[in-house]
Amino acid sequence: MEKDEKNMTCCCSCSSPNALPQEIVAYIHECMQKPHSESYLIPVLHKIQNHFGYLSPVYLEEVAQLMHIPASKITGVATFYHLFSFTPRGKNRISVCLGTACYVKGSGKLMERFKEKLGIKENETTPDGMFSIECSRCFGACALAPVVVVNDKVYGDVKPEQVEKILADYGFKK
Amino acid sequence: MPTSLEKLQDMRRKSIFKVFEEKFRASIRITVGSATCENAAGATDVYERFQQNIQKHAGLEVILSKVGCAGRCDLEPMVTIVSHGQIPVKYMRVNPEKADKIFEDHILHGKVLEDFTMRRTAGLYNAQRVITVCGGKNCFDKHCSDIEKAFLENIQKLGIADKIILTRSACQGLCQYGPVCYVYPDGIMYQKLTPDIVKQICEEHLLKNHTLGQYTWTGERLTNRSFPFFGDVYFFGKQLRLTLRNCGVIDPESLDEYLAVRGYEAIAKILTEMKPQQVIDTVKKSGLRGRGGGGFPTGQKWQFAANQPDKEKYMICNADEGDPGAFMDRSMIEGDPHTILEGLMIAGYAIGASKGFVYIRAEYPLAVQRLEKAIADSKKSGLLGENILGSGWNFDIEIRLGAGAFVCGEETALIHSIEGSRGMPSPRPPYPAISGLWGKPTVINNVESLANLPVIILDGADWFSSIGTEKSKGTKVFALAGKVANTGLVEVPMGTTLREVVFDVGGGIKNSKAFKAVQTGGPAGGCLPAECLDTPVDYDSLNAAGSIMGSGGMIVMDEETCMVDVAKFFLDFTQSESCGKCTPCREGTRAMLAILQKITDGKGEDGDIEKLERLGSIIKNASLCGLGQCAPNPVLTTLKYFGHEYRAHIYSKKCPAGVCSALVTYNIDPEKCVGCTACKKKCPVNCITGDPKRIHAINQEDCIKCGTCLAVCKFNAITKS
Ligand SMILES: Cc1cc2nc3c(=O)[nH]c(=O)nc-3n(C[C@H](O)[C@H](O)[C@H](O)COP(=O)(O)O)c2cc1C
Ligand code: SF4
Ligand code: SF4
Ligand code: SF4
Ligand code: FES
């Protein structure tokens with residue numbers, strides 16, 4: 001695809017500017033050719049979130065038009081699932097696992113430590129946009145509990161003393 | 001025209017040849033574990049380091065490959081060195097530096113680095129052979145301890161005791177041939193042993209390398225392919241690896257390796273010689289029950305769907321694995337993705353579906369990636385898609401990702417989620433087997449249920465049903481985690497006791513603390529105390545004890561775990577995961593949580609326990625789906641078995657385990673404090689006062705009970721009560 005096509009208007013009859021990247025629009029069109037096309041809504045939302053890090057109302061609006069699904073339904077679906085976020089998250093996303101195995105091994109304390117160091121609460125982002133913290137429910141690496149995931153890197157057997165070191169790895173300065 | 005089975009066999013021959021050429025011909029093969037857990041422990045760096053070392057030594061006959069997780073997650077990254085005719089050497093907790101050393105000493109100079117190995121017996125690597133005697137319960141009456149004794153006596157008499165390792169395995173489901181023993185690395189199995197035969201084996205085979213053909217068992221089984229690799233390690237020897245048969249053994253990203261271990265033979269066999277109804281009957285006869293938690297007989301569920309006249313039907317693999325503390329399904333998919341696809345195909349053929357879905361958590365990116373590759377590879381080879389193996393049968397598989405909603409593991413919610421809606425459960429009936437995805441008959445099976453199918457088809461329903469207990473057949477995989485020494489994945493025959501799993505396979509409690517409870521079934525299950533340790537793991541016994549089998553999460557708790565806090569943890573989970581559709585679940589769990597919060601905050605009152613019990617029984621009876629119906633279980637079982645802890649919180653305002661911070665105080669013992677100031681420096685709220693070399697004190701008003709001072713004091717002067 002040509003680069004400047006990105007800013008062209010949407011190819012269906014709607015006239016909204018194309019906020020979504022071309023590859024996602026193409027994916028949606030591909031899904032629309034398949035039977036039960038509306039069932040691809042969640043995969044589409046995943047793609048948008050992977051690309052932008054969150055779901056902004058503008059994109060949801062566009063998805064509604066492209067997929068012929070009412071915007072209210074899309075919002076309903078998107079808000080139902082925990083993995084979808086509606087606010088931009090930090091450049092470095094810290095997820096502390098609060099699943100059973102990690103909890104039993106003290107991940108609650110890790111969470112406290114991260115919050116204290118960064119001065120933010122769960123699901124918040126530091127003012128400089130560098131870090132956000134969220135809790136998750138099990139990464140399936142329970143044998144290494146307690147587990148902390150930063151972006152895509154999994155840290156196992158994390159001790160409270162390591163919190164500062166992990167943050168420092170991502171450029172946090174106190 | 002060759003049949004599907006003949007075509008498959010032909011493919012297998014080619015694959016075996018290819019795998020041999022590529023991987024086994026080399027005199028040394030290095031395998032590095034590769035799974036989410038392994039990679040988190042640093043396996044990728046280790047793999048790369050070996051790669052660099054091999055490149056540096058051109059001409060060296062060494063092959064490097066990846067395998068799935070073998071299950072000993074606490075010892076990862078694991079590296080196995082397989083040399084022809086020798087017992088494989090397993091190195092644990094390898095890092096790049098150790099990798100260098102292993103390469104230098106072991107690969108280049110043939111010297112095993114014993115300090116890095118995973119071994120139980122000193123001097124293991126001087127041993128030439130491992131003898132594993134089956135020690136299953138059914139064989140006990142056949143005097144298998146006599147067999148062990150006979151081996152010991154004979155090898156001592158012959159003076160080869162230091163060359164032979166004797167171990168015991170779990171029941172291998174060969175009881176009619178029992179007692180049996182395996183001899184590795186020869187890979188020979190002897191059957192119907194008597195002390196006299198043992199004597200002959202020792203004298204002829206062990207001493208003179210003559211196999212005694214007249215006593216060997218030459219049948220073939222899919223199971224325990226891991227034995228030649230791991231049979232000498234106690235942790236593995238106590239297991240029966242049926243669904244995990246390939247995990248940690250084959251390269252999960254290689255279709256050839258899967259084909260080489262009889263992969264896709266089960267589907268080829270049924271396409272060639274079985275009608276769908278025969279497949280259903282076989283699975284019925286095997287006694288397989290759903291491993292996703294409910295334990296519903298799989299064959300019966302299929303029958304409902306098969307009986308529907310609809311042309312369009314769907315098969316779904318439930319890989320949502322929402323239980324926070326369970327990772328069986330992830331490991332299985334990451335370690336052996338083709339088995340899941342084959343299982344899904346077998347089920348699809350049986351019920352008459354031509355489309356299958358794998359609904360998998362988005363939190364498992366590596367598993368998704370391996371499944372995608374497996375689907376693409378098998379399609380390319382004509383094993384999936386249209387006209388599979390020339391049989392005229394079509395089946396397609398699509399992956400759908402979850403998005404972090406626990407309730408989507410429930411069948412009807414899962415279906416709504418695939419349809420692109422909010423994942424809220426609907427009342428049943430109609431059951432999905434009658435009217436499911438897009439209103440069509442749909443069967444949903446758990447990952448582990450499906451992984452059993454190739455075994456049942458190839459090794460037979462009779463054999464499968466010989467393992468386990470009367471009403472629970474086969475094996476169960478558990479994800480052992482928490483305060484247990486050996487964390488990881490274990491697969492044991494049904495009927496094994498909790499004690500055997502936690503203490504024998506799991507190695508007991510970490511840091512020699514006291515055992516308090518074992519939790520099975522996740523947020524839907526219960527916590528069982530020491531008195532219940534002799535409960536056999538099967539659906540009915542665990543139910544009777546007040547817990548459930550669940551999908552396989554098993555969390556061990558020690559004396560430092562507060563059971564009220566644990567109950568609160570689970571309820572907090574179910575409460576936030578409740579979809580909100582029905583009142584008892586939505587409001588009831590919130591009310592219960594509020595009471596638990598009050599109790600752990602030290603504000604519990606008389607009557608709270610009764611209120612919890614009453615609410616619990618209402619929620620259980622009046623909720624629409626399994627989430628609500630099971631939500632009170634963790635609270636009710638802890639009330640039943642650990643009522644004293646609740647009472648201590650409510651009436652004495654004490655948390656016996658010292659977990660609930662509102663009920664804990666930190667104090668400085670003036671007798672022990674030397675005034676080193678360490679605690680004062682570290683206290684996050686600066687509530688410790690004292691001059692250097694003077695006794696320090698904690699200002700209780702400001703203390704946030706973070707426990708830092710306790711951790712930093714080197715003089716044990718800080719006490720927690
Ligand atoms: C709230 C809830 C969550 C569930 N989560 C899972 C799950 O993560 N994986 C699973 O296989 N089954 C789960 N189940 C059970 C499934 O609904 C279903 O019974 C199972 O997948 C059927 O497969 P099986 O017969 O092979 O066990 C869950 C049930 C409920 C009520
Ligand atoms: S029991 Fe709970 S999760 Fe299930 S339908 Fe009702 S509110 Fe939803
Ligand atoms: S760390 Fe221990 S010894 Fe040192 S001042 Fe604190 S209480 Fe006293
Ligand atoms: S528990 Fe934490 S807050 Fe309280 S005195 Fe010790 S270090 Fe300070
Ligand atoms: S409970 Fe934390 S990774 Fe599973």
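Which side chains meet in a salt bridge at 3.7 Å, N to O? That pair is B:Glu411 and B:Arg428, and it gets its own close-up below. Everything shown here comes from a predicted model.

**Figure 1. The whole complex, before zooming in.** Let's start with how confident the predictor is: it gives the complex an ipTM of 0.85 and a pTM of 0.87. For chain B, the mean pLDDT is 88, and 93% of the residues in chain B reach 70 or more. A word of caution for any view: where pLDDT is low, the predicted coordinates should not be read in detail. Over all chains, a search of the structure turns up 36 salt bridges, and a few of them appear in the next views.

**Figure 2. B:Glu411 and B:Arg428 join a helix to a loop.** The side chains of B:Glu411 and B:Arg428 form a salt bridge, with N and O 3.7 Å apart. B:Glu411 belongs to helix H16 (residues 411-418) of chain B, while B:Arg428 sits in the loop between H16 and strand S12 (442-446), so the contact ties together parts that are 17 residues apart in sequence. How accessible are the two partners? B:Glu411 has a relative accessible area of 19%, so it falls under the 20% cut-off and is buried. B:Arg428, at 39% relative accessibility, counts as partly exposed.

**Figure 3. A cis peptide bond between two prolines.** Stay with the loop between H16 and S12 of chain B, because B:Pro430 is found there too. The peptide bond joining B:Pro429 and B:Pro430 is cis, with omega at about 0°. For context, most peptide bonds are trans.

**Figure 4. A salt bridge within one helix, B:Glu203 with B:Lys199.** Here the two side chains meet at 3.6 Å, N to O. Both residues lie in helix H6 (residues 195-208) of chain B. They are 4 residues apart, or about one turn of the helix. Buried or exposed? Neither: B:Glu203 has 28% relative accessibility and so counts as partly exposed, and B:Lys199, at 34%, is partly exposed as well.

**Figure 5. B:Lys285 reaches B:Asp462 from a distant part of the chain.** The closest N and O atoms of this salt bridge are 3.4 Å apart. B:Lys285 is in helix H11 (residues 276-286) of chain B and B:Asp462 is in helix H18 (residues 461-465) of chain B. That makes the partners 177 residues apart, and their pairing links distant parts of the chain. Both B:Lys285 and B:Asp462 are exposed.

**Figure 6. A salt-bridge network in chain A.** Which residues take part in this network? Salt bridges link A:Arg89, A:Arg93 and A:Glu134.

**Figure 7. An open sheet of four strands in chain B.** The 4 strands run in the order S2-S1-S3-S4, and their pairing is mixed. At the edges are S2 and strand S4 (89-91), each of which pairs on one side only. From one strand to the next, the twist averages 20°. Zoom in on S3 and S4 of chain B: these strands run antiparallel and are joined by 3 bridges. B:Val79 has B:Tyr91, in S4, as its bridge partner.

**Figure 8. Another cis peptide bond, from B:Glu76 to B:Pro77.** Omega for this cis bond is near -5°. B:Pro77 lies in the loop between strand S2 (62-67) and strand S3 (79-83) of chain B.

**Figure 9. Positive phi at B:Lys693 and B:Asn716.** Most residues other than glycine have a negative phi. B:Lys693, which is not a glycine, has a positive phi of about 65°. Its place is the loop between strand S19 (688-689) and strand S20 (697-698) of chain B, and at 74% relative accessibility B:Lys693 counts as exposed. For B:Asn716, phi is near 50°, again a positive value in a residue other than glycine. B:Asn716 is in the loop between helix H27 (708-712) and strand S21 (718-720) of chain B. With a relative accessible area of 58%, B:Asn716 is exposed.

**Figure 10. The shell around ligand 2.** How many residues surround ligand 2? There are 13, and the closest are B:Cys579, B:Lys581, B:Cys582, B:Cys585 and B:Cys625. By type, the shell splits into 8 nonpolar, 4 polar and 1 charged.

Terms used:
Residues numbered from 1 in each chain as written. Chains lettered and ligands numbered in written order. Predicted model: local features only at pLDDT ≥ 70, side-chain atom pairs only at ≥ 80, totals over all residues. Heavy atoms only, no water. Near = heavy atom within 4 Å. Nonpolar A, V, L, I, M, F, W, Y, C, P; charged D, E, K, R; others polar. pLDDT = per-residue confidence, 0-100. Salt bridge = Lys/Arg side-chain N within 4 Å of Asp/Glu carboxyl O. Buried < 20%, exposed > 50% of the residue type's maximum accessible area, 1.4 Å probe, protein only. Pairing = 2+ DSSP bridges. Axes fitted to C-alpha atoms, helices over the stretch in contact; angles between N-to-C directions.
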